[in-house]
Amino acid sequence: LALGKLLQATGNMDAAVDHTRSAYNEMEAVCLRWYHDDVLDAALNLATLLIKRGFEPDESEAEALLRRTVDGRKRTRGISRAPKTIDAMSMLARLLMRRLRRKTGEARCLLDKSSPSQRDTQIETEKLLRLVVAERCTMYGDNDARTLSSRRRLAEALYERYLRGGDNANAANAVLVEAEREARACAEGHARRRRINAVDGTVPLLRQILQSMGRGEEADGVEAVYLERVLGVEHLRTLNAMRSLALKEWQFDQARCGAGAVALLQKCAAGYTTLRATPTNPYNKHRGGGSGDSDPHCTAAVSAMEELARAIERHAAMSGNRDLLVESERVRRDIVRTLVQSHGSTDEKTLQAVDKLGSLVWKEFGRLSEARIMLQRVVDGRMIRLGQRHSATNQALRKLSSLVLEAGEGETAEALARQALEGFLLRREERGFEFEGRDVDVAKCANVLAEILRRGNQPGQEVEAAAILARYS
């Protein structure tokens, strides 16, 4: 037996099986009772090696050895508070589950409804695992790793039985309820032990069970709940899970109106900002150097704040509470401040954030003079970085012209709109295209310019507006 264990450690499984089988046969040959501890230990070792070797023909022999071991342990040690008996039963249950899955060729054990033997095996597996869970809870406690692993296997076995679909509606529902109870108890235990790898292995099963029970929204949030408990709210994985949960479309149904999404994204924005400010963040040395793109925490913080601002605006629109837009403005100002610190004031990402803030101040609060300063800043920054003929520059000019028109400065608005239209057309000429009425930017700019001309009081402007629309719109 010792030589077999040594050979197993070196990876020589075939030789290990041969030596262990030889030891087992010799023990039986010297007239030891079949239920003697040494014989049962040898049988268990041989069954373990056969399972690990992974050959399908070995599984029948391994099952026979395990059943003999379980019977012998029951006879000599009993079941209650008998770790060796329970360990043998647990190994037998795992082997039965493995054989069931292999017979069907399915990862989730979709059993053949027409095979009574498979159903009997499934029922026997569940009974074994229930007994193992109960005894390990008594011996080791609810939070012991051995107890929790048994709970997970029982939850898997029950869920696989549900997927088989051979039970009536009431029985299937009862199976799901028990599966959820065991999977949740397993996840709770690992969370209390703060074993993140074990939580990662249990949460997907719990999520699948909840989805099968029609509790999809709870299933979507289960990962974020356990990551927050194990890793904390300011861990990157927790924040990413919360952010993903906040962006689920059901967060914005008529009942919720996005309130939950806003709360989650507020946590995310604060968490990413805290991560970025921690001394252990290796990207801190890049602050203010225009290299914010290299800091994933900065990128995540800005993205979360942008999603938060959009969620607040959507929540305000659905709930009819426009007072919420004040919070959106504050968030967008924080975005601009963060990007100025990390990327610089003339970076395109910063200018995009300023553009969105200016649009909010203009369209939602009507503060035209303040918004005009922001949009002019965008135009000036893009003129410097991108040039007059870039489409982004001309889009900013077009938006600024609409704002100036609303402020009552028709001549200035006309000049800005003409400049934008000229820039779009020059951009097309540079690329070698003739305008054929399919350029959306040109058409929008032509509409803005035509509207400005129609509002003017100069003779001939109405005719010019019609000509521009006819040619470009």
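The following exchange asks how several descriptions of this predicted model are reached.

User: What makes α3 roughly antiparallel to α4?

Analyst: Helix α3 (residues 37–53) and helix α4 (residues 56–77) pack at an angle of about 150°, with their axes 9 Å apart. Because angles over 145 degrees count as roughly antiparallel, the pair of α3 and α4 takes that description. The crossing of these two helices, α3 and α4, is left-handed.

User: Which residues of α3 and α4 meet, and how do they divide into nonpolar, polar and charged?

Analyst: From α3 the contact draws on residues including Leu40, Leu44, Ala47 and Ile51, and from α4 on residues including Ala62, Leu65, Thr69 and Arg73. By class, the residues of the contact of α3 with α4 comprise ten nonpolar, three polar and eight charged.

User: Why are α7 and α8 described as roughly antiparallel to each other?

Analyst: Helix α7 (residues 145–164) packs with α8 at an angle of about 155°, and their axes are 8 Å apart. Since the cut-off for roughly antiparallel is an angle over 145 degrees, α7 and α8 are therefore roughly antiparallel to each other. The crossing in which α7 passes α8 is left-handed. Among the residues that make the contact are Leu148, Leu158 and Tyr162 of α7, together with Val175, Ala179 and Cys186 of α8. The contact of α7 with α8 has 14 nonpolar, two polar and six charged residues.

User: How do you know that α16 is roughly antiparallel to α17?

Analyst: The angle at which helix α16 (residues 368–385) and helix α17 (residues 391–406) pack is about 160°, with their axes 9 Å apart. Set against the limit of over 145 degrees, this angle makes α16 roughly antiparallel to α17. The crossing of α16 and α17 is left-handed. Residues that meet there include Leu375, Val379 and Met383 in α16, and Ala396, Leu400 and Val404 in α17. The residues of the contact of α16 with α17 divide into twelve nonpolar, two polar and four charged.

User: Why is Glu414 called buried?

Analyst: Buried means under 20% relative accessible area, and Glu414, at 18% relative accessibility, therefore counts as buried. Glu414 is found in helix α18 (residues 410–430), and, when residues up to four places away in sequence are not counted, Glu414 touches Leu449, Ile452, Leu453 and Gln461.

User: Are Cys257 and Cys268 buried or exposed, and how many disulfides does the structure hold?

Analyst: With a relative accessible area of 12%, Cys257 is buried, and Cys268, at 0% relative accessibility, also counts as buried, because the limit for that word is under 20%. The structure holds zero disulfides.

User: What makes Arg81 and Arg194 noteworthy in their phi values?

Analyst: Most residues other than glycine have a negative phi. Arg81, although not a glycine, has a positive phi of about 50°, and phi of Arg194 is near 60°, again a positive value in a residue other than glycine. Arg81 lies in the loop between α4 and α5 (83–104), while Arg194 is found in the loop between α8 (169–193) and α9 (196–212).

User: Why are Arg81 and Arg194 called exposed?

Analyst: The word exposed requires a relative accessible area over 50%. Arg81 has a relative accessible area of 55%, and is therefore exposed; Arg194 has a relative accessible area of 52%, so Arg194 is exposed as well.

Terms used:
Residues are numbered from 1 along each chain as its sequence is written. This is a predicted model: local features need pLDDT of at least 70, side-chain atom pairs count only at pLDDT 80 or more; totals for chains, interfaces and linings use all residues. Side-chain values use heavy atoms; hydrogens and water are left out. Axes are lines fitted to C-alpha atoms, for helices over the stretch in contact, and angles run from 0 to 180 degrees between N-to-C directions. Helices (H or I, at least four residues) and strands (E, at least two) are DSSP runs, numbered from the N terminus. Angles under 35 degrees count as roughly parallel, over 145 as roughly antiparallel, 65 to 115 as roughly perpendicular and the rest as oblique. A crossing is left-handed if the near helix is turned anticlockwise from the far one by less than a right angle, and right-handed if clockwise. Contact means heavy atoms within 4.5 Å. Ala, Val, Leu, Ile, Met, Phe, Trp, Tyr, Cys and Pro count as nonpolar, Asp, Glu, Lys and Arg as charged, and the others, Gly among them, as polar. A disulfide is a pair of cysteine sulfur atoms within 2.5 Å. Buried means under 20% relative accessible area, exposed over 50%, partly exposed in between (1.4 Å probe, protein chains only).
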